[in-house]
Amino acid sequence: MQVHDIQEKIDQLKNQLIYWERHLKDIQNICKHDFHKELFYKRCLKCQKTEALYY
Ligand SMILES: [Zn+2]
């Protein structure tokens, strides 16, 4: 594999990552969260969104 091909592949993957992170955020934004308490954070059982309990 040429360096150029590898860089192209990395760029593709970055774009895919951005796409999927946005998609996940959209789902989490409309989720009616059902939070389950862990030690230092709470996690939604439906969408896996986590929020810190202590700041
Ligand atoms: Zn949720």
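In what order do the elements of the chain run from the N terminus on? In this predicted model, the order is α-β-β-β. Put as a tally, the secondary structure comes to one helix and three strands.

The overall dimensions make a helpful starting point. The C-alpha trace of the chain spans about 50 × 25 × 15 Å along its principal axes. The radius of gyration is 17 Å, whereas a compact globule of 55 residues would have a value near 10 Å. Burial and contacts can be read alongside these figures. Of the 55 residues of the chain, 0% count as buried. Among contacts with a separation of 6 or more, residues 24 or more positions apart account for 0%.

A closer look at one residue, F35, adds some local detail. F35 lies in strand 1, which covers residues 35-37. Is F35 buried or exposed? The answer falls in between: F35 is partly exposed, because 15 other C-beta atoms lie within 10 Å, a count between the 12 or fewer of an exposed residue and the 20 or more of a buried one.

Which residues does F35 touch, once its neighbours within four places in sequence are left aside? The contacts of F35 are then with K42, R43 and C44. W20 offers another point of reference for F35: the two residues are 15 residues apart in sequence, and their C-alpha atoms are 22 Å apart in space.

How values were computed
Residues are numbered from 1 along each chain as its sequence is written. This is a predicted model: local features need pLDDT of at least 70, side-chain atom pairs count only at pLDDT 80 or more; totals for chains, interfaces and linings use all residues. Helices (H or I, at least four residues) and strands (E, at least two) are DSSP runs, numbered from the N terminus. Two residues are in contact if their C-beta atoms, placed from the backbone, lie within 7 Å. The radius of gyration is taken over C-alpha atoms; the globule rule is 2.2 Å times the number of residues to the power 0.38.
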